[in-house]
Structures are given as C-alpha cells and as structure tokens.
Amino acid sequence: MKKALFTFFILLTWLAGFTIFAHRINHYTIDTNTQTEAIIALTGGRYRIAEAVKLLNQGKAQKLFISGVSPNNSLEDIITKQNLHLNSTQKVSIGRQAQDTIGNAQETVTWLKKNNINSIRLVTSNYHVDRSLAEFREQAPNLKIIPHPVYSDKVAKKWWTSWHSFSLLFKEYNKFLYAYIRCNFFSRGN
C-alpha cells in the first residue's frame, strides 16, 4: 500500500510539474530592452538563428555566437539556406563542437571566456529555455543571462490537441528534470 501511494504521489508531482512547465513555456515575458555583450543562438530549432540575427542587426549586442553548427555548414551556407540579411558577418562566430545542450553550454562558455564576455541574450526555442538555462548556469554561475524564447508554429500552444506537440513537450520536460536534478544536486560545487 505504501509503495502504491508513493508511486501515485510521484506521478501526481510529475503531472503537476509538467502542467506548470507546459504553461510557463508559452507565457514568457521577453525582455527586448536589455543590452548584452553577446547574443547566443543554439542550433536545432526553427527560427532561432533568424531571431538572433535580427537582434544583432537591431544592435542588442555587438557579437553573435551560434553554437552547434554542423561541420558541413559555413556561415555563408546558413545565411543562404535561411535567407538571412546580416549587417556584418564579422560580428558572428560559429561553434562546431556541441552535439547537445550540455555541449552548447560548454562550447559557448569557452568562447565567452576567450572574448571576456559576462552578459548574454540566450536565443533558443521556448520549450528549450529552462533546460538551457540550467546547463548554462551550471557552466557559468556568474554569467548574466537574458532568456530570449523563440516560438515555432510547429509547436501548438494548445499542446494537448497535437500529438507532435505533446510528445515534444513530454520529452523536453523529462530532459529538463534530469538537467535540473543533475545541476542542482549532483553538480561540481556540491
């Protein structure tokens, strides 16, 4: 009986957390005013790079770092494929080492240290913001981070009406939980 109650409690807690997560990712307040030293775009989601380029062109930062670029793609390839207008390619750097979100954080923090940067605007998909923040804060606890979520028309705001959206959020929530627990309870500092 105790085991059944414990299992029920864990499932109920997970469901409550999932519901809060699913609501939260669609209700971020985007800070468009704060200036940062760099804009960081994480590859892997629709519109992320385009949004980062738009922010760079608007002068929200002086540098843009795109993390997780395929070794087969150059900056020119990205600009052409996504039909981007970039005011200055000299303000853009790309990283090719990252294979996942942990790698994005590691690759970016290495670049930030080389460039003596202490504040960033982190551009990623809305469902990916919380996990990205956990990983970046694990790598650089004193880094000032302005999250900048990007919303994709491929992810329904009414996620419960779309199997694709529900599946994506289900996976992302579990990845976030893993990252949160690992970074907060099993991190290097503990």
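Visitor: What share of the area that the chain exposes comes from carbon and sulfur atoms?
Guide: Worth knowing up front: this is a predicted model, where local features need pLDDT of at least 70 and side-chain atom pairs count only at pLDDT 80 or more, while totals for chains, interfaces and linings use all residues. Residues are numbered from 1 along each chain as its sequence is written, and side-chain values use heavy atoms, with hydrogens and water left out. Accessible areas come from the Shrake-Rupley method with a 1.4 Å probe, and for residues only the protein chains shown count as cover. The chain exposes about 11100 Å², and the share from carbon and sulfur atoms is 56%.

Visitor: And how much of the chain is buried?
Guide: Buried here is under 20% relative accessible area, exposed is over 50%, and partly exposed is in between (1.4 Å probe, protein chains only). With that cut-off, the buried part of the 190 residues is 46%.

Visitor: In what order do the helices and strands run from the N terminus?
Guide: Helices (H or I, at least four residues) and strands (E, at least two) are DSSP runs, numbered from the N terminus. There are six helices and five strands in the chain. Read from the N terminus, the order is α-β-α-β-α-β-α-β-α-β-α.

Visitor: With those elements in place, what is the radius of gyration of the chain?
Guide: The radius is taken over C-alpha atoms, and the globule rule is 2.2 Å times the number of residues to the power 0.38. For 190 residues the rule gives 16 Å, and the chain comes close to that, so it is as compact as a globular protein of that length. The C-alpha atoms fill a box of roughly 65 × 40 × 35 Å along the principal axes. The radius of gyration itself is 18 Å.

Visitor: How far apart do the centres of the positive and negative side chains lie?
Guide: Lys and Arg count as positive and Asp and Glu as negative, with His and the chain ends not counted. Each charge is placed at NZ of Lys, CZ of Arg, CG of Asp or CD of Glu. The chain has 24 positive and 12 negative side chains, and the distance between the centres of the two sets is 4 Å.

Visitor: Which element, at residues 48-57, is largely enclosed by the rest of the structure?
Guide: Seven of its ten residues are buried, so the rest of the structure largely encloses it. The buried ones are Arg48, Ile49, Glu51, Ala52, Val53, Leu55 and Leu56. Using contact in the sense of heavy atoms within 4.5 Å, these residues pack against strand 1 (38-42), strand 2 (63-67), helix 3 (75-81), strand 3 (92-94), strand 4 (119-125) and strand 5. The element is helix 2.

Visitor: Which side chain makes a polar contact with that of His148?
Guide: His148 sits in strand 5 (residues 144-150) and is buried, with a relative accessible area of 2%. A polar contact is a pair of N or O atoms within 3.5 Å; within protein, one must be able to donate a hydrogen and the other to accept it, and residues adjacent in sequence count only if both atoms are side-chain atoms. Leaving aside neighbours within four places in sequence, the contacts of His148 include Leu55, Arg121 and Val123. The polar one, at 2.8 Å, is with Glu51.

Visitor: How accessible is Val123?
Guide: Val123 belongs to strand 4. Beyond four places in sequence, Val123 contacts Ile39, Ile40, Ala41, Leu42, Arg48, Glu51, Ala52, Leu55, His148 and Val150. Val123 counts as buried, and its relative accessibility is 0%.

Visitor: Which residue in the loop between helix 3 and strand 3 has a positive phi although it is not a glycine?
Guide: Most residues other than glycine have a negative phi. In this loop, one residue takes a positive phi of about 55 degrees. At 70% relative accessibility it counts as exposed, and it is Asn83.

Visitor: Is Asn116 buried or exposed?
Guide: Asn116 lies in the loop between helix 4 (101-114) and strand 4, and phi of Asn116 is near 55 degrees, a positive value in a residue other than glycine. Its relative accessibility is 58%, so Asn116 counts as exposed.
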